[in-house]
Amino acid sequence: MHVIASDVWRELSRLNIPCGMAAKALVDAGKEIPTKLMLELLKEKLSMGECVSHGWILEGFPTDAASARKLLSAGLLPTRFLHINLSDADVALRTDAELQAFFNTGTTPRWRRGALQHREARRLP
């Protein structure tokens, strides 16, 4: 299950879950969601059915070593960790916002070189 940390509050607020509603109130007031509340949101989301039965990939959190320690202290223990660091230029090279598509520029077969190959992205609701 692909979980984008910055989107969790929206889902939980739609489900009328208290921590989601608290986060929505902060966002609506133009404030940031504090780490403590983000951890509550993530604990709630990652304990839901699909995340428990299929596992999860968490994107966008933690953003630093301190929040990583807090994630572990909250009992949210990933079994694997992957850090991908791309420059804005690399991201722009591999994406097309207008098409909402992703492209692979490095492993195109020789017979297709010169033309970008489109790969359908899995779109989440």
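Begin by selecting helix 3, residues 35–46, in this predicted model: its twelve residues reach 16 Å from the first C-alpha to the last, close to the 16 Å expected at 1.5 Å a residue. Show the side chains of Leu 37, Met 38, Leu 39, Leu 41, Leu 42, Lys 45 and Leu 46, which are the buried residues of this helix. If you then colour their surroundings, you will find that they pack against strand 1 (2–4), helix 1 (5–14), helix 2 (18–28), helix 4 (49–54), strand 2 (57–59) and helix 5 (65–73).

Stay on helix 3 and centre the view on Lys 45, which is buried with a relative accessible area of 7%. Lys 45 forms a salt bridge with Glu 11, and the closest N and O atoms of the two are 3.0 Å apart. This pair links distant parts of the chain, since Glu 11 belongs to helix 1 and Lys 45 to helix 3, 34 residues apart. Glu 11 itself is partly exposed, at 25% relative accessible area.

From Glu 11, move to Arg 10 and Asp 7, whose closest N and O atoms lie 2.7 Å apart in another salt bridge. Both residues are in helix 1, three residues apart, and are thus separated by about one helical turn. Arg 10 is partly exposed at 36% relative accessibility, and Asp 7 is likewise partly exposed, with a relative accessible area of 36%. As background, an α-helix has 3.6 residues a turn, so residues three or four places apart point the same way.

Now select Lys 24 and Asp 28, both in helix 2 and four residues apart, about one turn of the helix. They too form a salt bridge, with the closest N and O atoms 2.7 Å apart; here Lys 24 is partly exposed at 31% relative accessibility, whereas Asp 28 is exposed at 55%. The count for the protein comes to three salt bridges.

Two features of the backbone come next. In the loop between helix 1 and helix 2, pick Asn 16, which has a positive phi of about 60 degrees although it is not a glycine, and which counts as exposed at 56% relative accessibility. Then go to the loop between strand 2 and helix 5, where Pro 62 is placed; the peptide bond leading from Phe 61 to Pro 62 is cis, with omega near 0 degrees. For comparison, most residues other than glycine have a negative phi, and most peptide bonds are trans.

Keep Phe 61 and Pro 62 on display and add Ser 67 of helix 5, which touches both of them as well as Thr 35, when residues up to four places away in sequence are not counted. Ser 67 is buried, at 4% relative accessibility, and its side chain makes a polar contact of 2.4 Å with the side chain of Asp 64.

Next, turn on the surface and select Leu 82, Ile 84, Leu 86 and Val 91, which make a nonpolar surface patch of about 400 Å². Leu 82 lies in the loop between helix 5 and helix 6 (88–94) and is exposed, with a relative accessible area of 68%.

Finally, zoom out to the whole chain, in which six helices and five strands run β-α-α-α-α-β-α-α-β-β-β from the N terminus on. Of its 125 residues, 24% count as buried, and the accessible surface comes to about 9300 Å², of which 55% belongs to carbon and sulfur atoms.

How values were computed
Residues are numbered from 1 along each chain as its sequence is written. This is a predicted model: local features need pLDDT of at least 70, side-chain atom pairs count only at pLDDT 80 or more; totals for chains, interfaces and linings use all residues. Side-chain values use heavy atoms; hydrogens and water are left out. The expected span of a helix is 1.5 Å times one less than its number of residues. Buried means under 20% relative accessible area, exposed over 50%, partly exposed in between (1.4 Å probe, protein chains only). Contact means heavy atoms within 4.5 Å. Patches are made of residues with over 30% relative accessible area and no salt bridge: like charges are joined within 9 Å, nonpolar side chains (Val, Leu, Ile, Met, Phe, Trp, Tyr) within 5 Å. Accessible areas come from the Shrake-Rupley method with a 1.4 Å probe; for residues, only the protein chains shown count as cover. A salt bridge is a side-chain nitrogen of Lys or Arg within 4 Å of a carboxyl oxygen of Asp or Glu. A polar contact is a pair of N or O atoms within 3.5 Å; within protein, one must be able to donate a hydrogen and the other to accept it, and residues adjacent in sequence count only if both atoms are side-chain atoms.
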